Amino acid sequence: MSKVEITEAECPSCSPDEPTTHVIIKEGGLVKCEECGYVHAVPVQKKKTIKLRVIVSRQQESSVQEIEMDEDEVIHVGDEFVVEKDDEVSGVKVQSIELKTKGRPEEAVAKDIDAIWARTIDEVIVKIAVQKGAITESINHKVSGDYEFTVGDTIKLQGYEAVITSIKEREGRHNKRAGQVSKAKDIKRIYSRSLTSAFRYGGRTGGFKKSKVTEKSGGSRPRTTGSGLRRKSGGRS
Ligand SMILES: [Zn+2]
């Protein structure tokens, strides 16, 4: 039993506001931040983790995977989490929950669950270069892999608009003609020009940040439940 126990906790050193993954060094409260290595004490109660069967469907196929979670964790239909199989990591969304008693509730405590039925959510990060005068910023935009971007279309990103000037695909094609369409999963980078005044959103650079993952726009992006996607298969407390 050389299993490493982990927990989610705020890190006073690198992440005081948002929990990061910590390795439990000593039962009773000494933890080490996996992001920055800072060792500190937090109140840790040990929880029993159990393995649940997750039947993941991807289009026509389905496969059985396992996820480890705290026995008292509550799972809801619509929750999203990450499952790992071999080296592949995929996001899944809970579609139905089957109890040991054969019921199919909207939510259940992990220890009562016999199996979770889920389908994959195929989201990808599309890199978008936004040219704004002399400045070009890169933005990471999260959308469904099948979402289509069209050269010449206007996209809305974090409160400003940009027009797509060209789309470079992974296999090398560079679409520059208006009306040419690429699916998000095939895109290496989108080039765009901002239509928004650089001074309109406060600050010289227009108030958008580098490499920020946008949470909105893009249309077909599935909803997330916030905490769901942060869940690790190692359980947490
Ligand atoms: Zn840290």
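The following paragraphs lead through a predicted model of a single chain, from its overall make-up to individual strands and residues.

The secondary structure of the chain consists of 20 strands and zero helices. Of the 237 residues in the chain, 22% are buried. Among the contacts with a separation of 6 or more, 53% join residues that lie 24 or more positions apart. The confidence of the prediction should be kept in view: the mean pLDDT of the chain is 77, and 76% of the residues reach 70 or more. Over residues 198-237 the pLDDT is below 50, although this stretch has 85 contacts in the model beyond near neighbours in sequence.

The strands may now be considered through their pairing. In general, the strands of a sheet pair through backbone hydrogen bonds, in either a parallel or an antiparallel manner. One open sheet is formed by four strands in the order β1-β2-β3-β4, with antiparallel pairing. Its edges are held by β1 (6-11) and β4 (39-41); each has a single partner strand, so one side of each is left without a neighbour in the sheet. On average, neighbouring strands of this sheet are turned by 45° against each other, direction ignored. Within the sheet, strand β3 (residues 30-33) is joined to β4 by three bridges in the antiparallel sense. In this pairing, Val-31 stands opposite His-40 of β4.

Further along the chain, strand β12 (residues 123-132) takes part in pairings of both senses. With strand β13 (residues 135-144), β12 pairs in the antiparallel sense over ten bridges. These two strands form a hairpin with two residues between them, where Gly-133 takes a positive phi near 60°. With strand β19 (residues 187-194), β12 pairs in the parallel sense over four bridges. Val-130 illustrates both relationships: its bridge partner in β13 is Glu-137, and in β19 it stands opposite Ser-192.

Attention now turns to the loop between β9 (88-99) and β10 (107-109), in which Arg-104 is found. Arg-104 has 11 other C-beta atoms within 10 Å and is therefore exposed, since the limit for that class is 12 or fewer. Leaving aside residues up to four places away in sequence, Arg-104 touches Ser-96, Ile-97 and Glu-98. Ile-116 is twelve residues from Arg-104 in sequence, and their C-alpha atoms are 9.9 Å apart in space.

Lys-102 is found in the loop between β9 and β10 as well. Lys-102 counts as exposed because it has 7 C-beta neighbours inside 10 Å. The phi of Lys-102 is near 80°, a positive value in a residue other than glycine.

A third residue, Arg-119, has its place in strand β11 (residues 113-121). Is Arg-119 buried, exposed or partly exposed? With 15 C-beta neighbours inside 10 Å, Arg-119 counts as partly exposed, because that class lies between the limit of 12 or fewer for exposed residues and that of 20 or more for buried ones. Not counting residues up to four places away in sequence, Arg-119 touches Val-56, Ser-57, Arg-58, Val-92, Lys-93 and Gln-95. Arg-119 and Val-94 are 25 residues apart along the chain, yet 6.8 Å separates their C-alpha atoms.

Definitions and conventions. Residues numbered from 1 in each chain as written. Predicted model: local features only at pLDDT ≥ 70, side-chain atom pairs only at ≥ 80, totals over all residues. Contact = placed C-beta atoms within 7 Å. Pairing = 2+ DSSP bridges. Axes fitted to C-alpha atoms, helices over the stretch in contact; angles between N-to-C directions. pLDDT = per-residue confidence, 0-100.
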